[in-house]
Amino acid sequence: MSDILVVGSVAYDSIATPLGEVDRTLGGSANYFSLVASLFSPVKVVGVVGEDYEDRDLELLRTRSVDLEGLKRVVGKTFHWQGRYEADMNEAITLKTELNVFKDFNPTLPKTYSNSKYVFLANIDPELQIKVLDQVSEPRLVGADTMNFWIDSKRPQLLELLKRIDVLLINEAEARQLTGQWNIVQSVKTLTEWGPKAVVVKRGEYGFVLFSEGRHFILPAFPVAEVKDPTGAGDSFAGGFFGYLSRVDKGLSWPDLKQACMNGCLLASFTVEDFGLSALRGLKWPAIEGRRAQYEEVIR
Ligand code: AMP
């Protein structure tokens with residue numbers, strides 16, 4: 001087992017889906033990722049919050065023994081994202097992205113973070129992802145995620161980042177946007193040519209496509225009867241995926257990559273059953289193992 005360092009957004013989200021809405025609920029890619037990945041391995045967070053960030057929201061990560069030395073509190077307001085989903089819950093429509101304290105964030109890693117072996121650059125400004133990666137001395141495995149907002153606004157920096165990572169996790173629409181290729185087989189191939197050894201394209205309820213060294217692996221998602229809010233599904237997938245790889249700690253073998261994807265799908269299936277982080281708050285291994293058995297039945 002190896003520790004995981006994650007940098008990503010720590011946010012308040014306002015979300016509307018066909019099944020309801022919530023205002024300023026706890027969210028952000030680093031929060032979803034950490035809650036899930038900490039079920040597998042110890043996690044260290046790099047990020048920033050404002051004066052409005054509630055102590056009880058920090059406590060949530062502390063209850064999972066997440067190391068918060070790299071999470072700074074500064075003057076200003078916490079990152080706020082507002083989005084909604086229509087009947088097709090596979091795509092979020094962003095209404096507002098208020099970067100707030102993330103706009104001027106210049107991360108300096110605590111000493112204990114710089115020798116991290118597993119580094120996950122969750123969805124946030126690619127310039128920040130690069131700054132964090134620059135401060136880690138010899139990472140064994142580097143993964144990254146991104147989204148349309150950064151593909152639009154920081155494409156050159158994102159392409160630079162791709163050269164330095166081992167695994168890219170990205171959703172289907174974003175893979176198409178980044179490569180300009182509609183066909184997903186061609187799109188993942190292009191992405192691996194730009195740097196990463198493995199690419200995982202997340203396809204919402206349709207699961208994912210994994211591509212590495214000329215091989216593909218495809219699985220459907222666990223069938224959830226009522227998807228209340230898909231926010232954070234991608235980050236939870238990443239938490240299960242990276243959590244599994246860090247726990248096994250054997251690099252990027254094809255069987256481990258496949259197992260990592262399966263764990264990603266499994267964990268994401270809990271997140272979408274409730275709004276925000278609610279379904280992850282009390283999630284424990286017996287419930288995960290119970291669902292794993294059902295999922296294995298589905299994909300056998
Ligand atoms: P996903 O797993 O893709 O559904 O990620 C959802 C999370 O991404 C939400 O909790 C948002 O706070 C966060 N988010 C939305 N837009 C951005 C952005 N431009 N940069 C970083 N995080 C974001």
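**Exercise 1. Strand β2 and its burial**

Task: Decide how far strand β2 (residues 11-17) is enclosed by the rest of the structure.

Solution. Start with the count: 6 of the 7 residues of β2 are buried. Buried here means under 20% relative accessible area. The strand is therefore largely enclosed by the rest of the structure. Keep in mind that this is a predicted model.

**Exercise 2. The partners of β2**

Task: Work out how β2 pairs with strand β3 (residues 20-27) and with strand β6 (residues 79-84).

Solution.
- Step 1. Take β3. β2 and β3 pair in the antiparallel sense, over 6 bridges.
- Step 2. Find the link. A hairpin of 2 residues joins β2 to β3.
- Step 3. Pick out a pair. T17 stands opposite G20 in β3.
- Step 4. Turn to β6. β2 and β6 run parallel and are joined by 6 bridges.
- Step 5. Pick out a pair here too. Y12 stands opposite H80 in β6.

**Exercise 3. The whole sheet**

Task: Give the order of the 4 strands in the open sheet that contains β2, and name the edge strands.

Solution.
- Step 1. Add the remaining pairing. β6 and β7 pair in the antiparallel sense over 5 bridges. H80 stands opposite E98 in β7.
- Step 2. H80 thus appears in two pairs: Y12 stands opposite H80, and H80 stands opposite E98.
- Step 3. Write the order: β3-β2-β6-β7. The sheet is open and its pairing is mixed.
- Step 4. Mark the edges. They are β3 and β7 (93-98), each pairing on one side only.
- Step 5. Add the turn. Neighbouring strands of this sheet are turned by 15° against each other on average, direction ignored.

**Exercise 4. Strand β10**

Task: Describe the burial of strand β10 (residues 167-171), then its pairing with β9 and β11.

Solution.
- Step 1. Burial: 4 of the 5 residues of β10 are buried, so the strand is largely enclosed by the rest of the structure.
- Step 2. Strand β9 (residues 141-145) pairs with β10 in the parallel sense, over 3 bridges. The bridge partner of A144 in β10 is L168.
- Step 3. Strand β11 (residues 198-202) also runs parallel to β10, and 5 bridges join them. I170 has V201 in β11 as its bridge partner.

**Exercise 5. Two helices that cross**

Task: Describe how helix α8 (residues 233-248) meets helix α9 (residues 254-271).

Solution.
- Step 1. Distance and angle: the axes come within 7 Å and cross at roughly 140°.
- Step 2. Classify the angle. Over 145 degrees would count as roughly antiparallel. α8 and α9 are therefore oblique to each other.
- Step 3. Handedness: α8 passes α9 in a right-handed crossing.
- Step 4. List some contact residues. On α8 they include F237, F241, Y244 and L245; on α9 they include L257, C261, C265 and L267.
- Step 5. Sort the contact by kind: 12 residues are nonpolar, 6 are polar and 1 is charged.

**Exercise 6. The loop between α8 and α9**

Task: Place D249 and L252, and say what each shows.

Solution.
- Step 1. D249 lies in the loop between α8 and α9. Its phi is positive, about 60°, although D249 is not a glycine.
- Step 2. D249 has 24% relative accessibility, so it counts as partly exposed.
- Step 3. L252 lies in the loop between α8 and α9 too. Its relative accessible area is 25%, which makes L252 partly exposed.
- Step 4. List what L252 touches, leaving out residues up to four places away in sequence: L141, D166, V167, K197, L245 and L257.
- Step 5. Add a distance. L252 and K163 are 89 residues apart along the chain, and their C-alpha atoms are separated by 17 Å.

**Exercise 7. Two single residues**

Task: Say whether N100 and R292 are buried or partly exposed.

Solution.
- Step 1. N100 sits in the loop between β7 and β8 (118-121). N100 has a positive phi of about 45° and is not a glycine.
- Step 2. With 25% relative accessibility, N100 counts as partly exposed.
- Step 3. R292 lies in helix α11 (residues 285-299). R292 has a relative accessible area of 13%, so it is buried.
- Step 4. Beyond residues up to four places away in sequence, R292 touches M262, N263, L266 and W285.

Notes:
Residues numbered from 1 in each chain as written. Predicted model: local features only at pLDDT ≥ 70, side-chain atom pairs only at ≥ 80, totals over all residues. Heavy atoms only, no water. Axes fitted to C-alpha atoms, helices over the stretch in contact; angles between N-to-C directions. Parallel < 35°, antiparallel > 145°, perpendicular 65-115°, else oblique. Left-handed = near helix turned anticlockwise from the far one by under 90°. Contact = heavy atoms within 4.5 Å. Nonpolar A, V, L, I, M, F, W, Y, C, P; charged D, E, K, R; others polar. Buried < 20%, exposed > 50% of the residue type's maximum accessible area, 1.4 Å probe, protein only. Pairing = 2+ DSSP bridges.
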